[in-house]
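Trainee: I'd like to learn how to read the pockets in a structure. Could we go through one together?

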Amino acid sequence: MDFILSLLRSMPGAISLGLIWGIMAIGVYITYKILDIADLTVDGSICTGACVCAVLTVNGVNVWVAVIAAVVAGMLTGLLTGFFHTVLGIPAILAGILTQLMLWSINLKILGKANLGINARAVKVIVTQLDKSKAIMALIGFVAVVILLLYLFFGTELGCSLRATGCNQNMSHAQGINNRFNKILGLILSNGLVALSGALLAQYQGFADINMGRGAIVIGLAAVIIGDAIFGHISVNFGVRLAGVALGGVIYYVVYQLVVWLGLDPELLKMLSALVVAVFLAIPYVKSTYFSYTAQFKAERKARKIAAKKAKKAAKKGGNN
């Protein structure tokens, strides 16, 4: 009974973290699902958002101004990756890696040291683990506003052109769409949301650390894939899919907390995260190969049976004659 109670007590924290990383996952969704780009910048931009927000908040800047500054800083990291990719012709995955490496040094300069604490009792913050119920309500509001703004944006002509770039670059280019601009715009939007997640994470956990973004892309992909696998079949509505991605982050952290509660070695949790992503990434391939092969085999077997029956009838008819 005590074990169950301890699990239930840990759920508000897991839900809060899931919502924070859900915002990050929505940012990953823009590049991974819409633009079809695996952007590794996020491992650095989430830390950039946290560092900018932490430094400004500790130095007495209004917390909302600090969050906006963090988002702008994240957008600039996306702009840098977009510049490497579209202007210099560096492949997207390598451009993200280069930006990520640069951001480690930049983030260290912003913080001035390896980590910086945020005392929620001394400075005003939007979310804190000292009041998890209030944090959950605030984070639900953030997620709702993000989904609403993105839903409205991707319904505009510019948003539709960005989606067209991800679907078919050759066709969109033939229609007069500037694919380079759309790629840069998508990377800017994505990393702005990732930095927003980092700013909220720094406030919630009470510190910003130079290594806090390590492995963030794995969590983001896990949330995207889980959300798309579970909620993607419910509706094709773009807003529902974004909500599913955010809920994917919550599901990920609830499962994560459950695994911790069951007593799994914490050193194996990163491996578990990678395995979860690998499994969900493999599902579409397995379905398209194994099940299509099975359906084709059944169709061929049925055709052979029909052909055999026809041959048997023809032979019987020829024997009677």
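Mentor: Sure, start with the walls of the largest pocket: α1 (2-34), α8 (179-205), β2 (207-209), α9 (216-231), α10 (238-261) and α11 each supply at least two lining residues. Those labels are DSSP runs numbered from the N terminus: helices (H or I, at least four residues) and strands (E, at least two). This is a predicted model, where local features need pLDDT of at least 70, side-chain atom pairs count only at pLDDT 80 or more, and totals for chains, interfaces and linings use all residues. Residues are numbered from 1 along each chain as its sequence is written, and side-chain values use heavy atoms, leaving out hydrogens and water.

Trainee: Which element gives the largest share of that lining?

Mentor: That's α11, with 4 residues. Helix α11 (residues 269-320) is also where confidence is lowest, at a mean pLDDT of 68 (pLDDT is the predictor's confidence in each residue, from 0 to 100). Confidence is highest in helix α3 (residues 63-87), at 95, and the mean for the chain is 85.

Trainee: How is a pocket found, and how much space lies in the largest pocket?

Mentor: Rolling a probe the size of a water molecule over the atoms shows where empty space is left. On a 1 Å grid over the protein atoms alone, using a 1.4 Å probe, a pocket is an open set of points with protein on both sides within 12 Å along at least five of seven lines; lining residues have an atom within 4 Å of a point. Here the largest pocket holds about 400 Å³. It has 20 lining residues, and the closest to its centre are Trp 21, Met 212, Arg 214, Ile 219 and Lys 270.

Trainee: What classes do the residues of that lining divide into?

Mentor: There are 13 nonpolar, 4 polar and 3 charged. Ala, Val, Leu, Ile, Met, Phe, Trp, Tyr, Cys and Pro count as nonpolar, Asp, Glu, Lys and Arg as charged, and the others, Gly among them, as polar.

Trainee: And what about the second largest pocket?

Mentor: About 350 Å³ of space lies there. Its 16 lining residues include Val 71, Val 146, Leu 149, Leu 193 and Leu 196, the closest to its centre. α3, α5 and α8 each give two or more residues, and the lining has 15 nonpolar, 1 polar and no charged residues.

Trainee: Is Thr 48 buried or exposed?

Mentor: Thr 48, in helix α2 (residues 42-58), counts as buried because its relative accessibility is 4%, and buried means under 20% relative accessible area (1.4 Å probe, protein chains only).

Note on methods: Points joined across faces, edges and corners; volume = space filled by probe spheres on them. Buried < 20%, exposed > 50% of the residue type's maximum accessible area, 1.4 Å probe, protein only.
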